[in-house]
Amino acid sequence: KDPPMRDNGQITDREIVLDDHALLVSRTDTAGRITFVNDAFVRISGFSEDELLGAPHNLVRHPHMPKQAFADLWATVKDGRPWEGLVKNRTKTGDYYWVRANVTPITEGGATTGFISIRSK
């Protein structure tokens, strides 16, 4: 049986539209815990940098996203390949925003040490 999806709290019907030129950047360790965020990601997410750092990246997962999309993402990046797809994310207040996400494994000394995600409109 699949584990339950993370419950990140209430959601709204309000869309936050990402700036045309904004790039949301984050980096995680191999377990998906956030180790770096840029200012644009902090701003749109509604979380502080302190709330994001060390938290699982699925903190911003929106419940409307099919869990199969994330299963595919993890299978792809753990195989050492980049993944790209459209993702609906949730802000701290429950609003949502759409991004084109690119997630790429970071390899150091022949081993994957984490992942970098760059998201745009």
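Two strands count as paired if DSSP finds at least two bridges between them. Keep that in mind for the first stop. The model on screen is predicted.

**Stop 1: the E1–E2 hairpin**

Select strand E1, residues 24–28, together with E2, residues 34–37. The two run antiparallel and are joined by three bridges. Pick Arg-27 and look across to its bridge partner in E2, Phe-36. Now pick Thr-28, whose bridge partner in E2 is Ile-34. Five residues sit between the strands of this hairpin. Click Gly-32 there: its phi is positive, near 85 degrees.

**Stop 2: the whole sheet**

Show all the strands as cartoon. Five of them make an open sheet, ordered E2-E1-E5-E4-E3, with antiparallel pairing. Which strands stand at the edges? They are E2 (34–37) and E3 (83–90); each has a single partner strand, so one side of each is left without a neighbour in the sheet. Look along the sheet for the twist. On average, neighbouring strands are turned by 30 degrees against each other, direction ignored.

**Stop 3: helix H3**

Add residues 67–78, which form helix H3. The helix lies across E3, E4 (96–108) and E5 (111–120). Relative to E3, H3 runs at about 140 degrees.

**Stop 4: the nonpolar core**

Nonpolar side chains in soluble globular proteins tend to be buried together. Here, the largest nonpolar core has 25 residues. Select Leu-24, Phe-41, Leu-52, Trp-83, Val-87 and Tyr-97, the members that touch the most others. E2, helix H1 (39–45), H3, E3 and E4 each supply at least two residues of this core.

Now centre on Leu-24. Setting aside neighbours within four places in sequence, Leu-24 has contacts that include Phe-41, Ile-44, Tyr-97 and Val-99. Leu-18, Asn-38 and Ala-40 are also among them. So are Ser-117, Ile-118 and Arg-119.

**Stop 5: the largest pocket**

Turn on a surface. The largest pocket holds about 410 Å³ of space. Its lining counts 22 residues. Which of them lie nearest the centre? Select His-57, Asn-58, Phe-70, Leu-73 and Trp-74. E1, H3, E3, E4 and E5 each give at least two residues to the lining. E5 has the largest share, with four residues.

**Stop 6: Pro-82**

Go to the loop between H3 and E3 and pick Pro-82. Is Pro-82 buried or exposed? Its relative accessibility is 52%, so Pro-82 counts as exposed, the cut-off being over 50%. Not counting residues up to four places away in sequence, Pro-82 touches Thr-76, Val-103, Thr-104 and Pro-105. Draw a distance from Pro-82 to Ile-116: they are 34 residues apart along the chain, and their C-alpha atoms are separated by 9.6 Å.

**Stop 7: Glu-49**

Finish at helix H2, residues 49–52, where Glu-49 lies. Glu-49 has a relative accessible area of 40% and is partly exposed. Beyond its neighbours within four places in sequence, Glu-49 is in contact with Val-37 and Val-42. Draw one last distance, to Asp-39. The C-alpha atoms of Glu-49 and Asp-39 are 8.3 Å apart, and the two residues are 10 apart in sequence.

Terms used:
Residues numbered from 1 in each chain as written. Predicted model: local features only at pLDDT ≥ 70, side-chain atom pairs only at ≥ 80, totals over all residues. Heavy atoms only, no water. Axes fitted to C-alpha atoms, helices over the stretch in contact; angles between N-to-C directions. Contact = heavy atoms within 4.5 Å. Core = buried A, V, L, I, M, F, W, Y, C linked by side-chain atoms within 4.5 Å. Buried < 20%, exposed > 50% of the residue type's maximum accessible area, 1.4 Å probe, protein only. 1 Å grid on protein atoms, 1.4 Å probe; cavity = no way out; pocket = protein on both sides within 12 Å on 5 of 7 lines; lining within 4 Å. Points joined across faces, edges and corners; volume = space filled by probe spheres on them.
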